[in-house]
Each structure stands twice: as C-alpha cells, then as structure tokens.
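Trainee: Could you go through this structure with me? I'd like to start with how the chains meet.
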2 protein chains.
Amino acid sequence: MQLEHKPPAVELSAPVPLVEVTRGPIVESRHRGHVAVVDGAGRLVAALGDPGTITYLRSSAKPFQAIPLVISGAADRFGFSERELALACASHNGEPIHTQTAQSMLDKIGLGPEALKCGAHEPFSAAETRRLRERGEEPNVLHNNCSGKHAGMLALALHVGAPAATYHQLDNPIQQLIREVVARFSGVAVEDIAIGIDGCAVPVFGVSMKAMAQMYAHLVAPPESFDEAMRAASQRIVAAMINYPEMIGGTSERLDTEMMRAGQGRLISKVGAEGVYTVGVLPCAEWPSGLGLALKIEDGENFRARPTVVIECLRQLGVLRGESLSAVAPYSRFPVRNRRGDVVGEVRAAFKLVSPNGR
Amino acid sequence: MQLEHKPPAVELSAPVPLVEVTRGPIVESRHRGHVAVVDGAGRLVAALGDPGTITYLRSSAKPFQAIPLVISGAADRFGFSERELALACASHNGEPIHTQTAQSMLDKIGLGPEALKCGAHEPFSAAETRRLRERGEEPNVLHNNCSGKHAGMLALALHVGAPAATYHQLDNPIQQLIREVVARFSGVAVEDIAIGIDGCAVPVFGVSMKAMAQMYAHLVAPPESFDEAMRAASQRIVAAMINYPEMIGGTSERLDTEMMRAGQGRLISKVGAEGVYTVGVLPCAEWPSGLGLALKIEDGENFRARPTVVIECLRQLGVLRGESLSAVAPYSRFPVRNRRGDVVGEVRAAFKLVSPNGR
C-alpha cells in the first residue's frame, strides 16, 4: 500500500470560518466562505476570505437580467406593473400571489406556461407545497421560483424580435443583452465572465466576489458613467424590489423579504443558490456612496449558514441596528434542537469583517 | 465606521478540500473535512486535515452503544435475534421491516412505543414517507431512525435494573456503561470524552477523528487486551451488521447498506449525522490487522459530500475495487442537473490521502 507523500498545501486567501454550529461543549460543524463589500466608489471597504474568488451569481443575477426588459421598452410595451417587474427579479415562494402574477405576465404577452423553459419544482413555501399535496396537484412551471424571470425574458424576446423558443440559450440575442448588462455593472469584460447553466436552464454568470458586490453598489447608486436609460432602469428595478418585497421572496419565512421590510427602503436583498447572498445598501449617512455586499458560503449551505452571515455582516457594517436588526434576528442566531424539541446547541456567526487596507 | 484590522489567521491542520461541485467551467462549491485511518496496531496509516479534530460520533456510536446490550446478557435474556441486534446498531429508513422489528423488540421486553424517548421524524425512506402521507398517517417513534437503538437501551435498563424512564439521561447507569465502552474502544479516558445530546435525546460522545477510527479498528479486530466477553460481543455486533445490512440502512438508497453488500463480509459501514462516516475493514491481505476509518465533512453535509469521500478513501486504500467499487459508484461521482434534468455540472472527489509519516 503506497500513499502519496506530500506536504499539506497552504492556501492563500482560503475561505474563513463564518458560522459555528455547536452541540454541548464543542463546535460540531463550521461553514466557511468569502465576503466582499464595495462602496459606490468601487473601494473594497470590508472583506473576508478571498474577494477575488470567482463564483456564479445564480439568482443574484435576476435584477440585472431584468434590466434589458426595462431599457428595451418591453416592460412598458406589455404594460407590466411594478409588481410584475418585482416578480421578474424574484426567487419566489410559489404562493398564489406569485403564480397568479407570473400568469398575468404571460397573459399580457399572449403566451401560455408551456413557453417557459424553467422546469417545475415544489414551491419553496412549505405551506403551499402542503396545500398542493392535499389537493393531489403536481407543481407546475409557474411554481418554479424563477417563473417571473422567465416570463420577463419571453417578453424581452418578443419585443426585440428574438426567437422565443430558444430564449434560454446563450446564443439568443436576449441572453447576449443580459450578459452585456452583467459586464457593464461588474466591470468584467464579456469574454471574462464564466458561463454555466443555472438550475432553471438559462445562462448563469461567474465573476469575482468583489465584482458581484460592485454590481449591487452600482445598482443602488448608478454611477455618472452609466447613461440615463441605464440609471433610470436601475432605479426602477430597485424601487420595484423595495415596494414589493413579498414578490421577491414570499409572504413569510423568506429572509430577502424580511430584510427589505426591515430595511424600510434603505436596502435591497437577493438570495442566490449554493450559498450566495447579495445586498445593495442605498446611499445613507453611514455609507454616503452606497454599498454592495456579496457573500458565498463555500459549501453551498443556504439555510443555517447564509442568513446568519449576511445579517452579521450588515450588523458589523452598521446597516442593521435596533429594530431592523431585531426583525431579522430569528434568521441570525438560533438553537439546534433534537427530535424531541430540546435545545442541544446553537447556530451562530463567528467572524469579524476586516478592512482590506488593514490586512 | 471602524472595522477591526488584523492579519488573517493561519490555521494549523485546517480541514482540506475533499469534494468539488462543478457547474460549467468552474468549481462552484467545495466541501472540506478531516479523515483518519488507523490500522489494527493503532498506527495512523492515512489522513487528511487534522486527525486530532474532536467531533461527535453521532450515530457512528451505535455499534458501541449496543455492546453492553450483548455483554450484560440482556440481548440473550430477551431473546433478541441477530436481525434485532442489527437494528440496535441502525440508522434505519423507517420502512416496515424496521418499524416491525423495533416493535418486536419492544414486545419481547414488554413495553410499548411510548417508552421510547427518541421522538418522531419522517422516515428517511422517501417512498415510506410518501406512503404515510397518502394514508394520512403521522410518523411515530418507531419510524425514528434510532428506534432500534432505543429499544436496545430499554432492554439493557430493564436487565440491569436501571430506571427505564430515564434511560436516555447521562446519569442513568446504562449510559455510564455505554460511555465506558466508548472509552475502552477509543483509548480516551472517560473524563476526556466530550458529551453532548444527540438528535434522539441520548448522550453523544466527542473524541478525535483518530480515536474514532481506532474504535472501528478495534471493533472489527478486537485486540488481545480486550477480555473474552468484549471480544465476543464485538464479533457478534460485526456479524449482525454484515448479515443484515438492510437493517442498518434500508432496502434501497442507503450507502451504509450498499457498502456492506458490496464489501461481502469484508467491512462494516456506519453513517453518523453532521457529515460523519465510519468504516471498519476486517483483517485482509491488504490490511492484515484490519482498518478503522473515520471522516468528518466540516460543514456537516450528509448527501453529496460524505458518500463521495468515503468511497474515494476506500478506493485509494485498496479496500474497494472492481465490482465492489462499481456497486457503490452512483454514490461517488454524479451529475448536477437543472430543473429540466439536463446535466450542468458534477460532484466529484478531489483529494489524495497522505501518509502521516510522509508529511
């Protein structure tokens, strides 16, 4: 039996521990990751791990995937409401308010659910999944958390005369428009954006954590270098998310919705798959040029790690405090229970953001 | 806004990347962890990360929790079959073969399910959960994956005259007997074993990864230093697991069962919660004194990371090869699919075990 002999590799800028899961006297599990926080001037004001780590935006791309829908005039041509525009940016719960709104968008463009290429999955809402089961119904494409995004993409394809049957493929003109928007907001050249396929079958964009944070900083505070149409579209998307937070996540049990409710117009909050979370903080006294935050839990944990980290980051950055912090506290630090319901440990944040200049 | 300035900490013996989850051209997520492999002489023959990492055995403790049931004579007094003894070591699927066997154990000791303190949860078997829902039934304590262990603990309590109502508490004599067994097999002093509360409400034992591997090496090849009763009990537990692998996991979709089937009597395989997995390899040509293997996925991932790692470890150690390797391959490297079923990435092992002497 011959095993390979080699010294352990030392990783530069490896992901750092962000969340501890305790049980009794010891830490039983840990979640590591990367965080990047960029201000409106593009400065990296806080970080952890490697802000240069490249990963996919996943659903954090949705507000940017909706930008061409606005700029092209497609949203206005089809008479999409602000609420429908919010749904185009959503990873929604599949509740009736979501499926009905997605259906309304399809009605306005004259297509049926069969035109959506996102596939079906059980609603994120456990209550809605239960209701479907009780009625003996299968989930359909409208329940897919991305159905609003896909309806928006179809609208864009019809408006610009791109093939509607292949709207989800990278070579479709609308996906090219979207990729250009990602390049514009991130500052990453089109050819340097990594391209994969998302869970809902459309192209997904890979950029660095810092670039991802930059995108959200630009979205909430579009720079002078953006033309008027791009600035206006950004403001319209941000307003739609802030005014209809329940369309972005759901009526309950969704951190992105609760974060925007708690933020009271001061921030937008968007979850991505595989442990990604992004936040844009509008210009405020604390952060006059606004902030963009991007985080990635390396192992892809979406439930116990990601919410804990984003809330603690915003607390340390002074964005969440007092009542707004209390409102999201249940997602931040919570007990581990056994099958009988007794508390046997806890999930808690275990990090301090660092200023990159101080490293 | 003042952020803490400090250099990034360098961790000695940090967990190492074990599994990569790709999407398109990039690695989207990674799982890190620790591995320890010990031979029958107590030598650390392979490792990754820090074999000194202390974590809980969780359900990997079950074969040891069953040892006092055998040694005390309780199993024989109540006429437990070898199949029932296997169930005492199980994290079972909650299929009818499991719930009926747990009920049979209770019948033999003259107690009802209400005596079990494990709490209820949906069966691990998705098919069984579906059946329960279709019949409108709630899961009960017999479906709990630990119901056999708890029935065994009750039998032990009755046999030794310990209070049956508090069999799950650390100060109950039977839990003291179990802790002594953990100390004996691990070589860790009773007072140095970390104690938490498991998901099923009984004490759970924290030792190093190396000690955990040692426990399995001793179980499959009891050392001369063990008395005859301990050696015989070990052999009886190992035989029960090997002869009834479907009682340990389930009739399908359970890696521990498939591993023991593939091993054809050459190994025992036991899953623990929060990313723990343990294997004992009986003495063989390749490893004449036997092997114990323990691994921990740091983030607690149980599905895509842990199976991939344990199979790759056993492949590198020469324990799984040819047909036995093919039999478990579906758990080892598998595609990531989108909601439409297209392959968009893969989950794969990404490590080489090292010989500690070579580090």
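Mentor: We can take the interface, then one helix, keeping in mind that this is a predicted model.

Trainee: OK, how many residues does each chain put into the contact?

Mentor: Chain A contributes 63 residues and chain B contributes 62 residues, and between them the two chains bury about 5100 Å², with 52% of that area on carbon and sulfur atoms.

Trainee: And how many salt bridges are there across the interface?

Mentor: The rule finds six salt bridges between chain A and chain B, one of them between the side chains of A:R58 and B:E28, where the N to O distance is 3.1 Å. The polar contacts between chain A and chain B come to 24 residue pairs, counting those with both residues at pLDDT 80 or more.

Trainee: Which strands of chain A supply residues to that side?

Mentor: At least two residues each come from β1 (16-23), β2 (26-39), β3 (44-48), β4 (54-56) and β5 (194-197) of chain A, and β2(A) gives the most, with six residues.

Trainee: What about the residue types there?

Mentor: On the side of chain A that touches chain B, 25 residues are nonpolar, 17 are polar and 21 are charged.

Trainee: Switching topic, how many residues of helix α13 in chain B are buried?

Mentor: Helix α13 of chain B, residues 306-316, is mostly covered, with ten of its eleven residues buried; among them are the charged residues B:R306 and B:E312, along with B:V309, B:V310, B:I311 and B:L314.

Trainee: And what does B:G318 do just after α13(B)?

Mentor: B:G318, which comes just after α13(B), takes a positive phi of about 80 degrees.

Notes. Residues are numbered from 1 along each chain as its sequence is written. Chains are lettered from A and ligands numbered from 1 in the order in which they are written. This is a predicted model: local features need pLDDT of at least 70, side-chain atom pairs count only at pLDDT 80 or more; totals for chains, interfaces and linings use all residues. Side-chain values use heavy atoms; hydrogens and water are left out. Contact means heavy atoms within 4.5 Å. Buried area is the accessible area (1.4 Å probe) that two parts lose on being put together, summed over both. A salt bridge is a side-chain nitrogen of Lys or Arg within 4 Å of a carboxyl oxygen of Asp or Glu. A polar contact is a pair of N or O atoms within 3.5 Å; within protein, one must be able to donate a hydrogen and the other to accept it, and residues adjacent in sequence count only if both atoms are side-chain atoms. Helices (H or I, at least four residues) and strands (E, at least two) are DSSP runs, numbered from the N terminus. Buried means under 20% relative accessible area, exposed over 50%, partly exposed in between (1.4 Å probe, protein chains only).
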